[in-house]
Amino acid sequence: MAANKKILITGGAGFIGSHVVRLFVTKYPDYQIYNLDALTYAGNLENLKDIEEQDNYHFVKGDITDEAAMTELFQEIKPDSVLHLAAESHVDRSIKDPMAFIRTNVMGTVNLLNAAKELWKEDMDNHLFYHISTDEVYGSLDDGGYFLETTSYDPKSPYSASKASSDHFVRAYRNTYGLPVVISNCSNNYGPNHFPEKLIPLCINNIKHNKPLPIYGKGENVRDWLYVEDHARAIDTIFHQGKVGETYNIGGFNEWKNIDIVRLLCQVMDKKLDRAEGTSEKLITFVTDRAGHDLRYAIDAHKLMNELGWEPSLQFEEGIEKTVDWYLTNEDWLDNVTSGNYQKYYTGQYG
Ligand code: NAD
Ligand code: DAU
């Protein structure tokens, strides 16, 4: 699979995309990596400062919702493969503005599928359209069971419905036009460069500034957390060894209740900031629940582990320590992304 190596990575300036771009640029110096990103509020070229001068790295500013621009770009660059990560990714924003999610996640994905189909129509064999998706397409679990690749789709938020729709389009293009595709569905990621609208970086930032830690509902909801570099390695494995037409679930068998994660962050940060034990926990504040809040996600990643040999590398406590260290060391990054529009978003969301 993926014999040729001119790769278009969409959303490469975002959280996960930047780790994927870095891995591919440094591990495969013979590949040409094109990072296509619209640089929305979530895209940040600071994330890639360390590799931006590499000869095999190229940045292209572009919007995947622009159909004509995507057709032109594919004809110009002629990518052999696509790693598609560009998306609107935050559930709370999708509740406020679903259309933005339909435009980017659904229509943007279909624009890319069309551009790839047109470019590769004479020879589909040596190409790959790899669509990066989420475990949220499977819906919400109660206390038992796991999401398998065969679990029926049951998305419950505008975000997950838009990702589910994009997954369906990717499979439809395989079935109808023979486009060589692969899909992976991953659980919650955490780690460096995570935008501080999401639970873990938001709490790190608020603990640092002694601000309330907003916990939706009772904090009983469960998420299954994976260190972002482990996700990037899984994407590398699936890109090179996965079977065309297949779906792979990615996850670390690492379930945590939200309240327990926030308590862990408080403990770790009290130590790092030389605060008395228990200081930061006092910031925990229970707030109105997220509308339609999914109770539990849990991924069964055995297919990926057994068939392709991938394994997560980090224990959660170790990953959280590394993550907190990164945010405390990269204060400028955090200050830059939390200025300006972030303040408006924060006030709108939390009052
Ligand atoms: P992110 O929000 O941090 O980054 C998204 C990137 O896409 C940004 O760089 C943004 O500028 C870019 N982008 C947005 N709209 C665009 C458009 N119209 N045209 C071009 N670029 C655009 O997201 P993330 O958390 O890194 O997620 C990346 C992908 O992985 C998404 O598809 C998401 O659904 C999926 N995913 C995320 C997680 C997670 O826990 N974060 C888990 C599983 C799957
Ligand atoms: O499961 C994969 C998904 O994980 C990805 O597809 C999404 O792109 C990503 O954003 C993430 O979605 P979640 O909604 O699970 O992540 P978030 O960090 O927004 O929330 C994690 C949990 O914490 C969730 O149960 C809601 C809760 N939460 C979140 C925020 C922002 C709070 O209690 N308070 C908060 O302020």
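Two strands pair if DSSP finds at least two bridges between them; helices (H or I, at least four residues) and strands (E, at least two) are DSSP runs numbered from the N terminus. The model toured here is predicted: local features need pLDDT of at least 70, side-chain atom pairs count only at pLDDT 80 or more, and totals for chains, interfaces and linings use all residues. Residues are numbered from 1 along each chain as its sequence is written, chains are lettered from A and ligands numbered from 1 in the order in which they are written, and side-chain values use heavy atoms, with hydrogens and water left out.

**Stop 1: the sheet**

Select Asp-224 and Glu-255; the latter, in strand 11, is the bridge partner of Asp-224. Extend the selection to strand 9 (residues 222-227) and strand 11, which run antiparallel and are joined by three bridges. Adding strand 7 completes an open sheet of three strands in the order 7-9-11, with mixed pairing. Strand 7 (188-190) and strand 11 (255-257) each have a single partner strand and stand at the edges, so one side of each lacks a neighbour in the sheet. From one strand to the next the twist averages 50°; for such angles, axes are lines fitted to C-alpha atoms (for helices over the stretch in contact), and values run from 0 to 180 degrees between N-to-C directions.

**Stop 2: ligand 1**

Next select ligand 1 and the residues near it (one heavy atom within 4 Å). There are 29 residues around ligand 1, and the closest are Ile-16, Asp-37, Ser-89, Tyr-159 and Lys-163. Polar contacts are pairs of N or O atoms within 3.5 Å; within protein, one atom must be able to donate a hydrogen and the other to accept it, and residues adjacent in sequence count only if both atoms are side-chain atoms. Display the side chain of Tyr-159, where an N or O atom lies 2.7 Å from an oxygen atom of ligand 1. Then show the backbone: a polar atom of Thr-40 is 3.0 Å from a ligand 1 oxygen, and a polar backbone atom of Leu-85 is also 3.0 Å from an oxygen atom of ligand 1. Taken alone, ligand 1 exposes 840 Å², of which the protein buries 96%; accessible areas come from the Shrake-Rupley method with a 1.4 Å probe, and for residues only the protein chains shown count as cover.

Colour the shell around ligand 1 by element. Helix 1 (15-27), strand 5 (128-134), helix 5 (158-177) and strand 7 each supply at least two residues, and strand 5 gives the largest share, three residues.

**Stop 3: ligand 2**

Move to ligand 2, which 24 residues surround; Asp-135, Tyr-159, Arg-290, His-293 and Tyr-350 are the closest. Tyr-159 is thus listed among the closest residues for ligand 1 and for ligand 2. Select Tyr-350, which places a polar side-chain atom 2.6 Å from an oxygen atom of ligand 2. In Glu-136, a side-chain N or O atom is 2.8 Å from a ligand 2 oxygen, while a backbone N or O atom of Pro-214 lies 2.8 Å from a nitrogen atom of ligand 2. The protein covers 95% of the 680 Å² of accessible area that ligand 2 has on its own. Helix 3 (91-96) and strand 8 (213-216) are the elements giving two or more residues to this shell, and the largest share, three residues, comes from strand 8.

**Stop 4: Glu-88**

Finally, select Glu-88 in the loop between strand 4 (81-84) and helix 3. Is Glu-88 buried or exposed? Glu-88 is buried, with a relative accessible area of 15% (buried means under 20%, exposed over 50%, partly exposed in between; 1.4 Å probe, protein chains only).
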